[in-house]
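Trainee: I'd like to go through the reasoning behind a few labels people put on a model like this. Can we take them one by one?

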Amino acid sequence: MIFQRYFKEYLTQFNRVVKTNWNYPDGCVMTGACILYETTKDPFYLESVLEFGKKYVMSDGTMIGFKPKEHNVDQLRCGMLLFYLYEVTGEARYQIAIESLMENLKTFPRTQEGMDFIWYSPYI
């Protein structure tokens, strides 16, 4: 299938690039890889997600390039992936990273009405 060949080549190139920030586009790409794995059960997709997690979430739960003081919701897209990584691996680093993001959300600026950000993940 042409689509799968394209996406596999894209992920291969994507995984070779060293990124310095935790960002929205990478979260979208990795969410797509999760969905493709769940749909096809092709281990290539799962390996791509696991590689991303190992590369960008340190053993202490620190996320490479995550800048909590920016209060940028775009940085939270990769956070959705953490639920999946934790579910698949059971590794504490992902749970710690999830908790770190949740704590960071508590410090986000609020509107005058007190509205806050509600975090949804399809993996919980």
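Mentor: Sure. Start with how helix axes are handled: they are lines fitted to C-alpha atoms over the stretch in contact, and the angle between N-to-C directions runs from 0 to 180 degrees. Keep in mind that this is a predicted model.

Trainee: Got it. What are the angle and the distance for the axes of H2 and H4?

Mentor: Helix H2 (residues 24-40) and helix H4 (residues 77-89) cross at roughly 30°, and their axes come within 7 Å.

Trainee: And why is H2 called roughly parallel to H4?

Mentor: Angles under 35 degrees count as roughly parallel, so with a crossing of roughly 30° H2 is roughly parallel to H4. The crossing is left-handed.

Trainee: Which residues make that contact?

Mentor: On the H2 side they are Tyr24, Asp26, Gly27, Cys28, Met30, Thr31, Cys34, Tyr37 and Glu38, and H4 brings Arg77, Cys78, Leu81 and Tyr84. By class, that gives eight nonpolar, two polar and three charged residues.

Trainee: Now the other pair. What makes H1 oblique to H2?

Mentor: Helix H1 (residues 2-16) packs on H2 at an angle of about 135°, with the axes 12 Å apart. Roughly antiparallel needs over 145, and roughly perpendicular covers 65 to 115, so H1 falls into the rest and is oblique to H2. This crossing is left-handed too. Among the residues in contact are Phe3, Phe7 and Phe14 of H1, and Asp26, Val29 and Leu36 of H2. The contact of H1 with H2 has nine nonpolar, four polar and one charged residues.

Trainee: Asp26 keeps turning up. Is aspartate 26 buried or exposed, and how do you know?

Mentor: Buried means under 20% relative accessible area, and aspartate 26 has 6%, so it is buried. Aspartate 26 sits in helix H2. Leaving aside residues up to four places away in sequence, aspartate 26 touches Phe14, Lys19, Asn21, Phe52 and Cys78.

Trainee: How many disulfides does the structure hold?

Mentor: Zero. A disulfide needs two cysteine sulfur atoms within 2.5 Å. The closest cysteine sulfur to that of cysteine 28 is in cysteine 78, at 8.4 Å, so it is too far for a bond. For cysteine 34 the closest is again in cysteine 78, at 11 Å, and that is too far as well.

Trainee: Last one: why is cysteine 28 called partly exposed?

Mentor: Partly exposed lies between 20% and 50%; cysteine 28 has 33% relative accessibility, so the label fits. Cysteine 34, at 0%, counts as buried.

How values were computed
Residues are numbered from 1 along each chain as its sequence is written. This is a predicted model: local features need pLDDT of at least 70, side-chain atom pairs count only at pLDDT 80 or more; totals for chains, interfaces and linings use all residues. Side-chain values use heavy atoms; hydrogens and water are left out. Helices (H or I, at least four residues) and strands (E, at least two) are DSSP runs, numbered from the N terminus. A crossing is left-handed if the near helix is turned anticlockwise from the far one by less than a right angle, and right-handed if clockwise. Contact means heavy atoms within 4.5 Å. Ala, Val, Leu, Ile, Met, Phe, Trp, Tyr, Cys and Pro count as nonpolar, Asp, Glu, Lys and Arg as charged, and the others, Gly among them, as polar. Buried means under 20% relative accessible area, exposed over 50%, partly exposed in between (1.4 Å probe, protein chains only).
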